[in-house]
Structure formats: C-alpha cells, structure tokens
Amino acid sequence: MPFKVQVGPPQIAIHQAMTVLVTESDGQIDWPGDKGLYFFDTRVISAWSVYANGTPWDLLNGGAVSFDAARIFLTNQPFLTEDGAIPAQTLAFEISRALDQGMHEDLDITNHGQKPVRFNLEIAIRSDFADVFDVKAKRDIRRGHIHSDWTETRQTLRTTYHNADFSRSVAVSVGKSDSRAVLANGRLSFEVKLPPRGRWHCCLMYEFADGDKRFHAPKDCAADSGLSSQAKAHRDWRETVLKLRTSNEEFYRFYHQAIDDMAALRLPIGGTDHMVFLPAAGLPWFMAPFGRDSLIVSLQNILVYPEFARGSLEVLAGWQAKQRDDFRDAEPGKIMHELRYGELAHFKLIPHTPYYGTADATPLFLVTLHAAWRATGDMSLLERYLPNALAALDWIDNYGDRDGDLFQEYQTRSPVGYENMAWKDAGDSMIYADGSPVRGPKALCELQGYVYDAWVRMAEVFDALKQPDRAAALREKAAALFTKFNQAFWDEDAGFYAYMLDGEKQRVMTVASNPGHLLWSGIVPPDRAARVVRRLMQPDMNSGWGIRTLSSLHPAFNPYSYQNGSVWPHDNSLIALGFKRYGFSIEAGHIARDISEAASYFLLNQLPELYAGVQRDGANFPVQYLGANVPQAWAAGSCFALLQAMLGIQPDAPANTLYVDPDLPPWLPDVTLTDLRLGKKHLDIRFHRDGDKTRWDVLRGDAKLVKYRGAVEARETLGVA
C-alpha cells in the first residue's frame, strides 16, 4: 500500500449527547480561542492548563480513544524544587477523560527517576460561560455575572453564571486522590510526593448544572471502569446496525469508522427505550437538533439504522411550526432548521428557539416519512404523522411557493435571518455567472426536485392510506411541476440545469453541484440525464477527490472556501444515488471510489464535513478545510449512501420485497451485508463480481424476498417520466 499523509485537525474532540470537549493535542485548553468544554451550547470551561512548580509539561501523544473518552501522555520539562533539579522526562503524566453527562478526569503521575521527587501540581481552570454562537463568532461578551466558591471540606470548586433567570454552573470536585487540594492564586494545587517508581493518582469530577438540574460525572476511574455504560451502549449499537465485510480494506475501514461516527452523533430522545435517536449534525458546533441535516442523515442510514428516521420524524413533527413568526422565519406547517439551548436562545437574542430558516426540510420530511415506511413496513408511521404531512403539504403550496407559480422560492423575513435557506447556506454561495450575489427571492433548482419527489412519494402513501383522490391530485401536481421545471430550468445550449431562478425569474447559469440532486429526486427526463452526468464529471467539477460545489472555471471559485469550490461528501453521496437512479452505475462507482480514497487520508478514516476542492494530480492528498466539523453526520452517512448506490438496494417492506441492482466496481469486488433489515425480517447477502457482472447470494433469510429491479423499472415504479 502506498504511503499516505494523515490529514486532520491538531486537536482532541470528544462528546456525549450535548456535552462536548475540544482541547489542544496536549489536552489543554488555551485561551483565547474556540476550544473548551461545552454543555448545552454554553462553554463551561474556557481555559485549562497544568504545571509542575509553574513549569508547563511536554506532549508525548494524545488522542480520543472513543467518541466519549480521551487519553493524553505528557512528560516534564526540567524544573527546580527545594530538593534539587528534576531532569526532563523524569516524570510520566497521564490524563484520562470520560464523558457521561458530566466528566471524569484521572490524573496519574509516575516517577521514573532514581530519586524521590516533591513538587506542586497546579491546574489553572477558567470558566467564561460563553454562548456557542459568541465563541464561533469570536465575540467576547459578558452578559451576566460569574461567582466561584471553594469548599475546603468538600474539596469542590463551584463556578456559577447568572443572567436574570438563566443559570449554568460547573463544579470541579476532587475525588479519590493521594493528596488534598488547595486553591491558591486561582489554581487548584496538589503536593505530589513520589519515591522512585512511585505513582500518584487523583480524580477530578466535573458536574454541570442547568438551573437546578444537575448532570453528574461518572464515578469510575479509567483503570477501574471495565466495560462502562457508554461502552456497553456502543457494543449494543454495533450489534444492532447493518454489518459489512469486504476484501477491500480501505472501504472496510471507511464503513466501520462511519458506524462509529454515527454512534457518536446520536442524541437520545426522552421517553423512548433509548434505542431511538435523533442524529445531530456534527462536532463540535452542531451537537443540536437540526431539520435538513437530521433528515438527510436518516435517508443515508435507511439501510443501516432505520430508527434514525423514526427519531427525526418524532422530534421534527413535535417542533413543526403552528403559526407565522417572522423573527424565526416560521410559517404553519414548516419544519424547523435548528434548535439551540444556550443563553442567546434563552433570551431570544437569536431566532434558534427553534429557527425555521430552511426551505428544504419540509419536503425532505415527507421524503423521509415515505422512506421510513418503505424500510420498516410500519403503517402506524403514516397514520401517526399524517396530520404533520398534510400541514407540510399545505406549507409547500401556500408558503414555499411564494408567488403561486408552482416553484419553491425563499427569502427571509427576519432581521437576523439567513440569506440562503438551502443546504448551501453560506451568505456568498448563491452567485451569478459573473460572481455577483443573486437577487431573491431565489428558486433553487434542487428545491423543485425535493418537492417533486415528495409529491410522488406522498401519492404512494395516500394510496396505502386508501385516499385515492389525494394520491391522484398529487400525481397531477407532480406531473405539472415536472413539465414546467424542465421548461424553465433546462438550458439546451449548456446541456445543464440552471442553478436557480432569481427574483426576476431569470435563469442563473452558474455551474454548481446542485443539479446532481435533481437526478436523486427523479425530476430529470431520462434523455437529459446523460448530459447532466457528463457535465458533473468534467474536470472543472470533478476534482478527483469528489465533485466540487462550484466549477473551477467560475470567477468566484476558491477550493478553500466553504461552498464555492470545496468538496462535500454528503453532496457527492446524493449525486451518486442520482447517477444510479438513471442507470449510470460506472459513474456512481467512480464517485464512491474518490470519496472512499479521500477518507483513507484523514485521521481514523474519518471524513470531515468538507474538504478543499484542490485538483487531484497523483502526487497530492485531500486538504482539510479549517473549522470543518469532525465527525459530521452526513459526511459519515455518505459511506452508506455510496454503498446503496453501488448495490442499488431499495427496500419495499410493505410489499415484502428487497429490490437490488448491484454493479460493484472492480476496486470493490465483494461485499457481504449482515443483518440487513426488511421490516422485521433479517437478511445476510453476499454480493460479488463475476466477470463484468455482479451476482448475489442470500446467506440467511428468505431468498425469495430479494429481487432484481434496474434503473428503468425503478423510474417507472416511482412515476418518473
């Protein structure tokens, strides 16, 4: 195997639910900066550093050992004591951290010298209680008051923040320890005495509070914990999800890291059996309920863990808007974008309570409802969420279509709302061919595809619910949108679709990745699909590490930008599914290979949210984007969608059928799936190349459930013209 550069941010990030810890590689938190220990969108620890008699320690190695635990190995610089000098690298200092509501921190120091040592271990801790939005925007604003209390008898330092009725606190308590702590000069200080080969140990317990509700730290030390509750939960997760074996080690690692990333990004839903989760968007900035992100992740995971769809539908249905609220861009029937819990949200200084500034989450809610039903066969899902689906359909007609022309347009009404309300939500992502910003309201191309797909799918849902009139009406609307869209958005000379229509209903012919989503939605006529595929695979769009968000020929192209030339794995995964839908299996396999190879260059085979759109030249590697979330849910989920594209798997549990159309590329000669669920049934299937064909064998389960259905048959079944 050729040598590969390992790409990744120089930091350690771990989390559990809404608690996130991001440190430097040596486990410390430097201030000022954006790292810290975050609890429900509030940074409760903004600085953490450790010293031996005032001298810093040197890093040996450090890293996350699981999504909720980290271990760091330090050694001493030379420093002076009353008993003489301590040479460098005499002391080994190990820091172990584990999150589970609160945080447990183990400090272990070993004397590898031949003489006894005696010194003060000092830990400097600061809490700024900054809102996550302030940290990300680099705003240092103190709105309330901070108060600290040290209790000698309880060995506890409690720091509390109050702003009117908003309160957060962190209590750092000394647990099992070989010496007592004192608070001096703003630092916790321990006298450490060690004979040769002696070992000193201390536990620090970090307890968080949201008002009167407290979140306790794990009690067990890392060395004594054995199989922790989190480890058991992770084991149970791995036993539940779809399992994969393949002779391609690169894709095997990609897949299993994606499984671990999805485990890390689960937000448990209260009142459930703790196996229904909402997928959060990403670490560290987006550990919160999202609309679009959670829905797309649910669709990517539909074969791997269909319960994500259940969780997303449950949470998002509960927050579906009931009335118009311009500050939050809410309208009746609309699905939310983002919900936050920090100080700014508490005092409604930001609209994320929740914020509804997304134009695509509402049709994607309907797409996900249909996909969940097809994967599980559970009719109760359709019955339970029918009122939400009807409200979403009404929103599409009455609010998504702002001017009654059948197209979806968006424009914020909020003074603090988002300029752009699709997945490319950066303020500079919607541009004309000359690079100037597009004037709204904007009718983005993929929004029309999502609505078309939602209407086609919901027609099938209404058929199942014995409501043929509603089904027929939706099919009629879908057919009208199909025709009108292809007249208004298609440019014959370019052989490509417009990025969007601007506020004057003029085509914006910027070449971007968005039309690839049209193939995924099925709104492209078959005789145009090949031209769309060819255009996306041209060198100005295809970087070799994936399809770029924007053509490299565009004047605004910047491979290091957020959405004007970068590569987003989730974007590529949806495009690959679209390629497969229209029968372009080879091209789908090319995208899967590019993304899988890119993953192999990142630390732990862990795909970030995005990376730079630099051109692959045979001698370079993917370049990270500064500030990208790692792990990130729809980046991890891209692996599963790419696998689905290559195997052409489409579950139809209501019909007791699993459709397949496998076309494994030469670089992936075999794949075995274990515990593939179709409703309540489980299947093990081996796919393998046999010459130019891909064949399959059902190893466990009823082989009669698995049937071939190619792209043409699939389009006809789903109503694509």
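**Exercises on a strand pairing and a helix packing**

Strand E30 (residues 657-660) runs parallel to E34, and three bridges join the two. Strands are DSSP runs of E with at least two residues, helices are runs of H or I with at least four, and both are numbered from the N terminus. The model is predicted, so local features need pLDDT of at least 70 and side-chain atom pairs pLDDT 80 or more, while totals for chains, interfaces and linings use all residues. Residues are numbered from 1 along each chain as its sequence is written, and side-chain values use heavy atoms, with hydrogens and water left out.

**Exercise 1.** Determine which strands lie at the edges of the sheet that holds E30 and E34.

*Solution.* Step 1: the open sheet has three strands in the order E29-E30-E34, with mixed pairing; two strands pair if DSSP finds at least two bridges between them. Step 2: strand E29 (650-652) and strand E34 (706-708) each pair on one side only and are the edge strands. Step 3: from one strand to the next, the twist averages 30°. Step 4: tyrosine 659 has lysine 707 in E34 as its bridge partner.

**Exercise 2.** Classify the packing of helix H10 (residues 445-464) against helix H11 (residues 468-488).

*Solution.* Step 1: the angle between H10 and H11 is about 155°, and their axes, lines fitted to C-alpha atoms over the stretch in contact, are 8 Å apart. Step 2: H10 is therefore roughly antiparallel to H11, the term for angles over 145 degrees on a scale from 0 to 180 degrees between N-to-C directions. Step 3: the residues of the contact (heavy atoms within 4.5 Å) comprise 15 nonpolar, one polar and five charged.

Key:
Parallel < 35°, antiparallel > 145°, perpendicular 65-115°, else oblique. Nonpolar A, V, L, I, M, F, W, Y, C, P; charged D, E, K, R; others polar.
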